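This note is meant for a colleague who is opening the structure for the first time. Its points go from the overall layout to single residues.

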Amino acid sequence: DERSQLQNKDRALRILRARLYALYQRQQQEEITSARRSQVGTGARSEKLRTYNFPQDRVTDHRVGLTLHKLDSVLEGEIDEFVTNLAAAEQT
């Protein structure tokens, strides 16, 4: 574009630097996006950890397949049975 070879070289290096920076930023953004998608579930029914069934006074933990018919006590914080079963399943 310019008459001087040095000015053309400087301009080409600026353009190249800008394109490389844009490429780097795009790759970084894609990595962040993929990391977020892998951490966040879809919210589908099959991803539930626990089901609280109020009419039947039932709580089911789907990770270990434990069903308790003590909904009131679980809601008050008595989750020791779930914790022990999850720990046992983790060890196995």
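1. Helices and strands are taken here as DSSP runs, with at least four residues for a helix and at least two for a strand, numbered from the N terminus. On that basis the protein chain, which is a predicted model, holds three helices and three strands. Read along the sequence, these elements follow the pattern α-β-β-β-α-α, and helix H1 covers residues 5-39.

2. The overall dimensions deserve attention before any detail is considered. The radius of gyration of the protein chain is 28 Å, whereas a compact globule of 92 residues would have one near 12 Å. Taken along the principal axes, the box filled by the C-alpha atoms is roughly 85 × 30 × 20 Å.

3. Burial and contacts can be read alongside those dimensions. Buried residues account for 11% of the 92 residues in the protein chain, and of the contacts between residues at least 6 apart in sequence, 5% join residues at least 24 apart. The protein chain exposes about 8,100 Å², and carbon and sulfur atoms supply 49% of that area.

4. The charges can be considered first as two groups and then as individual pairs. The protein chain has 15 positive and 14 negative charges, and the mean positions of the two groups are 15 Å apart. Side chains of opposite charge can pair when their charged atoms come close. With a side-chain nitrogen of Lys or Arg required to be within 4 Å of a carboxyl oxygen of Asp or Glu, the count comes to three salt bridges.

5. Which residues are linked in a network of salt bridges? They are Arg50, Asp61 and Arg63, and the two pairs involved can be described in turn. Asp61 forms a salt bridge with Arg50, with 3.3 Å between the closest N and O atoms. Because Asp61 lies in strand S2 (residues 58-61) and Arg50 in strand S1 (residues 50-53), this pair ties together parts that are eleven residues apart in sequence. Arg63 also forms a salt bridge with Asp61, and there the closest N and O atoms are 3.0 Å apart.

6. The accessibility of the members of this network should be noted as well. Asp61 is buried, with a relative accessible area of 0%, while Arg50 counts as partly exposed at 27% relative accessibility, and Arg63 likewise counts as partly exposed at 43%. Lys48, which lies in the loop between helix H1 and S1, is separated from Asp61 by 8.6 Å between C-alpha atoms, although the two residues are 13 apart along the chain. Lys48 counts as partly exposed, at 42% relative accessibility.

7. The remaining pair to describe is formed by Glu81 and Lys70, whose closest N and O atoms are 2.4 Å apart in the salt bridge. Glu81 lies in helix H3 (residues 80-91) and Lys70 in the loop between strand S3 (66-68) and helix H2 (71-75), so this pair, too, ties together parts that are eleven residues apart in sequence. Glu81 is partly exposed, with a relative accessible area of 34%, and Lys70 counts as partly exposed at 39% relative accessibility.

8. Is Val74 buried or exposed? Val74, whose place is in helix H2, counts as buried at 7% relative accessibility, because buried means under 20% relative accessible area. Leaving aside residues up to four places away in sequence, Val74 touches Tyr52, Val59, Leu68, Ile79 and Phe82. From C-alpha to C-alpha, Val74 and Val59 are 7.9 Å apart in space, with their positions 15 residues apart in sequence.

9. A last point concerns the backbone. Most residues other than glycine have a negative phi. Asp57, however, has a positive phi of about 55 degrees although it is not a glycine, and a reader may wish to look at this residue in the model. Asp57 is found in the loop between S1 and S2, where it counts as partly exposed at 30% relative accessibility.

Notes:
Residues numbered from 1 in each chain as written. Predicted model: local features only at pLDDT ≥ 70, side-chain atom pairs only at ≥ 80, totals over all residues. Heavy atoms only, no water. Buried < 20%, exposed > 50% of the residue type's maximum accessible area, 1.4 Å probe, protein only. Rg over C-alpha atoms; globule rule 2.2 N^0.38 Å. Contact = heavy atoms within 4.5 Å. Areas by Shrake-Rupley, 256 points an atom, 1.4 Å probe, with all protein chains shown as cover. Lys, Arg positive; Asp, Glu negative; His and termini not counted. Charge placed at Lys NZ, Arg CZ, Asp CG, Glu CD.
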